[in-house]
Amino acid sequence: MTTATLCAVFAVVLALGQVVAVRHRAGGAADLAALAAADRALQGPGEACGAAGKVAAAQGAVVVRCAVSGEIADVTARVSFGPYEPAVRSRAGPPAAAPGSPEPLPPPPPLPPGPAPGPEAAQSSVPREAGARIGGVR
């Protein structure tokens with residue numbers, strides 16, 4: 001009786017692990033497909049959704065919904081594993097295009113003219129205490 005119960009519990013745990021793995025695979029496929037669609041959004045919805053379909057198929061998924069609005073792509077991808085077919089929705093687009101998102105940070109200022117900083121510039125400018133160990137030598 002105990003062995004049969006342990007086998008049943010083990011089988012349920014394995015099945016749940018597979019369900020979680022399939023759900024994550026569907027999420028990754030949806031994310032990648034949405035990024036591909038957003039990359040081609042300015043070429044039209046047909047081109048964008050075609051790219052999303054190719055990327056999803058490469059991940060073992062199927063695009064069940066693809067919508068492009070301006071530069072934002074909204075894709076839903078589905079992966080099948082036995083009776084379980086999770087569908088995950090993902091959106092992608094430029095950061096300023098998302099409603100309610102903060103403005104993107106401005107680009108950093110250009111570096112001043114002159115020679116490129118060498119490896120000594122990467123060292124810490126924090127002064128070392130007197131008697132601090134450096135490389136194992138005092």
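**Exercise 1.** With which residue does R40 form a salt bridge, and how far apart are the closest N and O atoms?

*Solution.* The model examined here is predicted. Step one is to identify the partner: R40 forms a salt bridge with E47, and the closest N and O atoms are 3.2 Å apart. Step two is to test the pair against the cut-off, which requires a side-chain nitrogen of Lys or Arg within 4 Å of a carboxyl oxygen of Asp or Glu. Step three concerns the surroundings of the two residues. R40 has 32% relative accessibility and therefore counts as partly exposed. E47, at 39%, is likewise partly exposed.

**Exercise 2.** Describe the order of helices and strands in the chain.

*Solution.* Begin with the inventory: the chain contains two helices and three strands. Along the sequence, their pattern is α-α-β-β-β. Next, consider helix 1, which covers residues 2–39. Its 38 residues reach 56 Å from the first C-alpha to the last, close to the 56 Å expected at 1.5 Å a residue.

**Exercise 3.** Determine which elements cover the buried residues of helix 1.

*Solution.* First, list the buried positions of helix 1; among them are V22, A26, A30, A33 and A37. Second, recall that an α-helix has 3.6 residues a turn, so residues three or four places apart point the same way. Third, name the cover: it includes helix 2 (45–58), strand 2 (72–78) and strand 3 (87–92). Strand 2 is itself mostly covered, with six of its seven residues buried.

**Exercise 4.** Establish how strand 2 pairs with strand 1 and with strand 3.

*Solution.* Take strand 1 (residues 62–69) to begin: its pairing with strand 2 is antiparallel and comprises seven bridges. These two strands form a hairpin with two residues between them, and G70 in the turn has a positive phi of about 65°. Turn then to strand 3, which runs antiparallel to strand 2 and is joined to it by six bridges. A73 illustrates both pairings: its bridge partners are V68 and, in strand 3, A92.

**Exercise 5.** Which residues are linked with D74 in a network of salt bridges?

*Solution.* Consider each pair in turn. The side chains of R65 and D74 meet at 3.4 Å, N to O. Those of R89 and D74 meet at 2.6 Å, N to O. This second pair links distant parts of the chain, with R89 in strand 3 and D74 in strand 2, 15 residues apart. Combining the pairs, R65, D74 and R89 are linked in a network. Finally, compare accessibility: D74 is buried at 7%, R65 is partly exposed at 40%, and R89 is exposed at 53%.

How values were computed: Residues numbered from 1 in each chain as written. Predicted model: local features only at pLDDT ≥ 70, side-chain atom pairs only at ≥ 80, totals over all residues. Heavy atoms only, no water. Helix = DSSP H or I, 4+ residues; strand = E, 2+ residues; numbered from the N terminus. Expected span 1.5 Å × (residues − 1). Buried < 20%, exposed > 50% of the residue type's maximum accessible area, 1.4 Å probe, protein only. Contact = heavy atoms within 4.5 Å. Pairing = 2+ DSSP bridges.
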